[in-house]
Amino acid sequence: MPGRILIVDERVTARIELAARLAQAAHEVIPCADAAQALAAARKCRPDLVLLSAAGVAAGCLSAAQDFRALPGGVDMPVALLGGTADRASRIAALEAGIDAFLEPMPVADMLLARVRNLLRRSRADGDLLRAEAARFGFADRAQHAIAIPGQIALIAPSIETGLRWRNGMLPLMRDRIDVLNPDRALSELNGTRQPDAIVVAPDPGDPGRALRLLSDLRCRPDTGRAAILLVQDRPDPALAAMALDLGVDDLVDTGFDCIEMVLRLRRELARKARSDRYRSALQDGLRLAATDPLTGLFNRRYAMAELARMLAAGGGAGLSVMLLDLDRFKRVNDTYGHAAGDTVLSEVSRRMKRCLREGDFLARIGGEEFLAVIRTGDPAAAKVTAERLRRAVSDRAVRLDDGTAIDVTLSIGLVQGDAAGAKGAPDRPAALLDLADRALYAAKTEGRNQVSEHATAA
């Protein structure tokens with residue numbers, strides 16, 4: 001998907017040439033002559049990427065980078081600097097100002113497009129979606145303002161001795177853990193550690209292909225795929241750099257290893273990954289709550305119906321048993337002891353029933369005092385035994401309130417086998433099964449309650 005790219009350069013010819021190169025990939029380009037014009041454009045329509053020319057440093061280019069960061073959503077907006085970073089002091093100043101990447105003043109088209117692809121992919125990989133979904137669930141503020149914790153960094157240098165020297169230079173400047181890995185056994189050593197938040201790779205200059213293979217392996221593995229990966233080159237190698245960027249490297253250093261500069265880059269990458277992790281965690285919390293009954297902690301009806309449909313589609317219903325479970329005369333509990341007592345009964349009953357089920361089974365609250373259980377068993381007799389165990393777990397022991405009051409509760413269950421209704425793959429099979437289970441439940445109620453009734457004997 002093409003990006004919206006804001007170019008800030010006071011030179012008309014430079015803006016035109018950059019726009020022409022970016023047009024090769026169908027990007028939308030917004031050219032601006034100065035920072036004030038660019039900020040106004042960014043406020044009107046948030047760009048996906050900002051390219052700042054170092055030709056405007058004297059006019060406040062680095063200050064403009066900080067202004068972009070202050071815009072709504074700007075904390076995740078990638079900002080790259082074109083030129084002006086030939087010396088160490090300028091690079092450090094740019095990193096401290098929030099610059100994400102450095103490019104030559106007028107980079108060759110392949111390198112420019114590779115860097116743009118890389119920055120856009122990083123920004124879009126999960127940021128916008130996770131932020132939007134976290135906001136929908138009301139967790140965005142919590143995710144954004146969570147307390148940062150130390151990160152885990154893996155350092156893969158050309159030799160262990162070099163890696164230890166670099167590590168010792170960085171340790172006084174950061175509170176994160178830094179592990180130096182053997183370059184010949186880096187992948188196997190990563191298997192034995194907790195997942196790193198960032199990986200610094202400094203390849204052997206004599207074997208650049210090995211570095212690319214390592215980067216590819218790191219990016220595709222589940223334990224390192226979401227880590228920030230930084231590649232360090234002793235000197236610029238555009239061909240290697242372009243391939244590394246397309247393999248998913250998060251940052252590229254082509255001026256050798258400098259401890260202070262690397263610490264600044266790592267701080268930025270760790271902060272970016274921490275934000276992404278917090279949004280992801282917030283989204284997972286929201287999804288969990290959206291699928292959960294808040295009183296009992298069980299799955300709710302919406303999730304239960306979707307899960308039942310999925311299980312039926314996966315196996316056609318064979319090996320599944322479906323139960324509808326209903327507390328007997330529960331209205332009396334609420335009328336006699338109050339709704340708070342009723343909530344206590346529902347919570348305790350849910351806890352007891354959940355303990356009766358195995359991993360792979362699921363239990364949901366689908367109504368006021370009605371529950372749905374789906375268990376995996378190929379034996380109808382075993383399903384009946386499980387149903388009886390659920391019934392006894394509820395009825396054999398009274399529920400006690402905080403004041404010591406004991407409330408006797410019983411449970412009626414309607415049981416049906418998963419292959420009892422409809423053709424395999426039919427979209428109405430979940431509803432058909434529930435209808436059969438409901439008939440069996442009705443039979444259990446009419447025959448005296450506190451018992452299990454199977455569909456085959458429910459007529």
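Start your tour by selecting arginine 329, which sits in the loop between β11 and α14. You are looking at a predicted model, so every stop on this tour is a computed one. At arginine 329, phi is near 50 degrees, a positive value in a residue other than glycine. Is arginine 329 buried, exposed or partly exposed? With 43% relative accessibility, arginine 329 counts as partly exposed.

**Stop 2: a second positive phi**

Now select alanine 26. You will find alanine 26 in the loop between α1 (12-23) and β2 (28-32). Alanine 26 is not a glycine, yet its phi is positive, at about 65 degrees. Because its relative accessibility is 52%, alanine 26 counts as exposed; the cut-off for exposed is over 50%.

**Stop 3: helices α14 and α15**

Go back to the loop that holds arginine 329, between β11 and α14, and this time show α14 together with α15. Two packed helices are described by the angle between their axes and the distance between the axes. For α14 and α15, the axes come within 6 Å and cross at roughly 135 degrees. The two helices are therefore oblique to each other.

Next, show the side chains where they meet. On the α14 side, pick Phe330, Val333, Asn334 and Tyr337; they meet His339, Ala341, Gly342, Val345 and Leu346 of α15. Colour these residues by class and you get 6 nonpolar, 3 polar and no charged.

**Stop 4: the largest nonpolar core**

Keep Val345 on screen, since it leads to the next stop. Which residues have the most contacts inside the largest nonpolar core? They are Met323, Leu325, Leu327, Val345 and Met353, in a core of 30 residues. To see where the core comes from, select β11 (320-327), α14 (330-337), α15 (339-356), β13 (370-376), α16 (380-395) and β16 (411-417), the elements that give two or more residues to it. The most come from α15, which gives 6 residues.

Zoom in on leucine 325. If you leave aside neighbours within four places in sequence, leucine 325 is in contact with residues including Met353, Leu363, Phe371, Leu372, Ala373, Leu390, Leu411 and Ile413. Glu369, Glu370 and Ser412 are also among the contacts of leucine 325.

There is a second, separate core too: it has 25 residues, among them Ile30, Ala54, Met77 and Ile99. Remember Ile99, as you will meet it again shortly.

**Stop 5: threonine 296**

Select threonine 296, in the loop between α12 and α13 (301-315). Threonine 296 counts as buried because its relative accessibility is 16%, and buried means under 20%. Follow its side chain to two partners. One is the side chain of aspartate 293, with a polar contact of 2.5 Å. The other is the backbone nitrogen of leucine 298, which lies 3.2 Å from a polar atom of the threonine 296 side chain. Farther along the sequence, not counting residues up to four places away, threonine 296 touches Leu346, Ser347, Ser350 and Arg365. You have already seen Leu346 in the contact between α14 and α15.

**Stop 6: along helix α12**

Now show helix α12 and select arginine 268 in it. At 15% relative accessibility, arginine 268 counts as buried. What does arginine 268 touch, not counting residues up to four places away in sequence? The answer is Leu95, Ile99, Asp100 and Asp251. Here is Ile99 again: its backbone oxygen lies 3.0 Å from a polar atom of the arginine 268 side chain. For a sense of distance, draw a line to aspartate 335: the two C-alpha atoms are 59 Å apart, and the residues are 67 apart along the chain.

Glycine 286 is also found in α12, and it counts as buried at 2% relative accessibility. From glycine 286 to threonine 405, the C-alpha to C-alpha distance is 36 Å, across 119 residues of sequence.

**Last stop: α8 against α12**

Stay with α12 (residues 259-290) and add α8 (residues 160-170): their axes come within 9 Å and cross at roughly 75 degrees. That angle makes α8 roughly perpendicular to α12. Trp166, Gly169 and Met170 of α8 make the contact with Cys259, Met262, Val263 and Leu266 of α12. These residues divide into 6 nonpolar, 1 polar and no charged.

Notes:
Residues are numbered from 1 along each chain as its sequence is written. This is a predicted model: local features need pLDDT of at least 70, side-chain atom pairs count only at pLDDT 80 or more; totals for chains, interfaces and linings use all residues. Side-chain values use heavy atoms; hydrogens and water are left out. Axes are lines fitted to C-alpha atoms, for helices over the stretch in contact, and angles run from 0 to 180 degrees between N-to-C directions. Helices (H or I, at least four residues) and strands (E, at least two) are DSSP runs, numbered from the N terminus. Angles under 35 degrees count as roughly parallel, over 145 as roughly antiparallel, 65 to 115 as roughly perpendicular and the rest as oblique. Contact means heavy atoms within 4.5 Å. Ala, Val, Leu, Ile, Met, Phe, Trp, Tyr, Cys and Pro count as nonpolar, Asp, Glu, Lys and Arg as charged, and the others, Gly among them, as polar. A nonpolar core is a set of buried Ala, Val, Leu, Ile, Met, Phe, Trp, Tyr and Cys residues joined through side-chain atoms within 4.5 Å. Buried means under 20% relative accessible area, exposed over 50%, partly exposed in between (1.4 Å probe, protein chains only). A polar contact is a pair of N or O atoms within 3.5 Å; within protein, one must be able to donate a hydrogen and the other to accept it, and residues adjacent in sequence count only if both atoms are side-chain atoms.
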